[in-house]
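Reader: I have the sequence and the fold open side by side, and I would love to talk them through with you. Could we go over the packing and the metal site together?

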Amino acid sequence: MSDEKTQVEAARTSFTTDFARFVDLNPAGSSLSDAEALLREVSELKVRHTGKKSAIAATKKLIGKVPAEERGEFGQLVKSVENEITSGISGAEARLNEYISRARTERDRLDVTLPGRRPPLGHLHPITLVREKIEDIFVSMGYAIEDDREIETDYYNFDALNIPEGHPARESQDTFYTTTGLALRSQTSTVQIRAMERRGVPIRILAPGRVFRRDTPDMTHTPMFHQLEGLCVDKGITMAHLKGTVTEWLRRLFDQDTKTRFRPSYFPFTEPSAEFDFSCFKCHGTGKYEDARCRPCKGSGWIELGGSGMVHPNVLRAVGADPQVYSGFAFGFGVERMAALMYEIDDIRYLFENDVRFLEQFA
Ligand SMILES: [Zn+2]
């Protein structure tokens, strides 16, 4: 029967050789896909060494051919080798299956204790911040916020504002015109005319908006900028109301001790006209800040802000209001200049470059 025993030993040797690398298999540290590949190899070994066509299956057929007195011993040998093969394979399968199952759970795990990924929050542009602060003050004083179109006819941009034909502001070197002769509004005063036509008088409005002028961009000029204009028309409105309103607004924006001053000037749409300044919010009019020349007011203690005046009778007539009955004041200034002062921005072009590193500072 030594031939039969040799066959059984050959089956065992063949399995031991194939299975050698799985005997002490420790999948720890291998990737999920590597572990899955190992499991496939073990399955192939299982077919090759325990299937119907395996060497050990062939030796079972020899049991009947062995002499009866040796049959028991031979049967036990076959059985023990078969056990050795199947237990080796099922042990490796169990280790790999357990590892794969844990690795899959790990891969699919959702850690609910991790902080969420927040989308980055934006914030308002400094121009908008300044505009909204000023709007809030005027709304609390009974003013309505008005906006209107940015492309205007000559009539609204000039004629109705008492800017006659031939006035230098109407020249194409100062104002942008479309090919069909419409003007990009050069001041928000156009909104005053349209609002008075629509609402009539009395009226109290604040008109913030973009305006356009043919300027070469530099530290203090851009061809597009924002203006804020106020208009108040009623019976008995005087220059005292203008001064009181502008002073109150600047006090609410900066400080209760803010002073204003008005210097005679000329604008076509107001008569009399005045430019207005206010005492510096940083040095409180002293011109010095921390023993150095104050920056926003350049050491003068005063900051020049905008233009103002009593609405010209011709402007009132243009919207059908009787200048014998009604009077009013108007004022306006540039929002970029105001933002540059408040945030100490040296070059207003930064406000339009949309550089996040600059804009982030105003969160
Ligand atoms: Zn100052």
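**Packing, pairing and a metal site**

Author: Happily! Let us begin with I134, which, leaving aside its neighbours within four places in sequence, is in contact with L206, L228, W249, L253, F333 and M338. Please keep in mind that this is a predicted model.

Reader: Which residues touch the most other members of the largest nonpolar core?

Author: That core holds 44 residues. I134 makes contact with W249 and M338, and these names come back here. The residues touching the most other members are I134, W249, F331 and M338.

Reader: Which element gives the largest share of this core?

Author: The elements that contribute two or more residues to the core of 44 residues are α5 (126–140), β5, α8 (239–253), β7, β10, β11, α10 (335–343) and α11 (356–359). The largest share is six residues, and the element that supplies them is α10.

Reader: Which residues of α10 are buried?

Author: This helix is mostly covered, with seven of its nine residues buried. The cover over those buried residues includes α5, β5, α8, β10 and β11. The buried ones are V335, E336, M338, A339, A340, L341 and M342.

Reader: What is the phi of the residue that follows α10?

Author: The residue after α10 is E344. Its phi is positive, near 55 degrees.

Reader: Is strand β11 largely enclosed or open, and how many of its residues are buried?

Author: β11 spans residues 327–334, eight in number. The strand is largely enclosed by the rest of the structure, because the count of buried residues is seven of the eight.

Reader: Which residue stands opposite A330 of β11, and which opposite F329?

Author: β11 pairs antiparallel with β5 (residues 224–234) through eight bridges. It also runs antiparallel to β10 (residues 302–311), with five bridges joining them. On the β10 side, F329 faces M310. On the β5 side, the residue opposite A330 is L231.

Reader: Now to the metal. What is the geometry of the zinc site?

Author: The protein donors are the SG atoms of C280, C283, C294 and C297, lying 2.2 to 2.3 Å from the zinc ion. Angles among the four donor atoms run from 106 to 116 degrees. All of them fall between 85 and 135 degrees, the range required for this class, so the site counts as tetrahedral.

Reader: How are the donor residues spaced, and how far apart in sequence are the parts that C283 and C294 tie together?

Author: The donor residues follow the spacing C-x2-C-x10-C-x2-C. C283 sits in the loop between β7 (270–279) and β8 (288–289), while C294 sits in the loop between β9 (292–293) and β10, so the pair ties together parts that are eleven residues apart in sequence. Both C283 and C294 are buried. The separation you asked about is eleven residues.

Reader: Which backbone nitrogen lies 2.8 Å from a polar atom of the S279 side chain?

Author: S279 belongs to strand β7, and it counts as buried because its relative accessibility is 9%. Not counting residues up to four places away in sequence, S279 touches D257, T258, K259, G285, G301 and W302. The backbone nitrogen in question is that of K259.

Reader: Are E290 and D291 buried or exposed?

Author: Both lie in the loop between β8 and β9, as E290 and D291 show. E290 has a positive phi of about 50 degrees although it is not a glycine, and phi of D291 is near 65 degrees. Relative accessibility is 67% for E290 and 76% for D291. With the threshold at over 50%, E290 is therefore exposed, and D291 is likewise exposed.

Reader: Where do the cis peptide bonds at P202 and P272 lie?

Author: The bond from V201 to P202 is cis, with omega near 0 degrees, and the one joining E271 and P272 is cis with omega about -5 degrees. P202 lies in the loop between α7 (189–199) and β4 (203–212), whereas P272 lies in strand β7.

Reader: One last stop: what is the length of the polar contact between the side chains of K46 and E93?

Author: K46 lies in helix α2 (residues 32–50) and is partly exposed, given its relative accessibility of 37%. Leaving aside neighbours within four places in sequence, K46 is in contact with G51, I89 and E93. The polar contact joining the side chains of K46 and E93 is 3.5 Å.

Definitions and conventions: Residues numbered from 1 in each chain as written. Predicted model: local features only at pLDDT ≥ 70, side-chain atom pairs only at ≥ 80, totals over all residues. Heavy atoms only, no water. Buried < 20%, exposed > 50% of the residue type's maximum accessible area, 1.4 Å probe, protein only. Helix = DSSP H or I, 4+ residues; strand = E, 2+ residues; numbered from the N terminus. Pairing = 2+ DSSP bridges. Donors = N, O, S within 2.8 Å, 3.2 Å for Na, K, Ca; no water. Tetrahedral: all angles 85-135°; square planar, octahedral: opposite > 155°, others 65-115°. Polar contact = N/O pair within 3.5 Å; in protein donor to acceptor, adjacent residues only side chain to side chain. Contact = heavy atoms within 4.5 Å. Core = buried A, V, L, I, M, F, W, Y, C linked by side-chain atoms within 4.5 Å.
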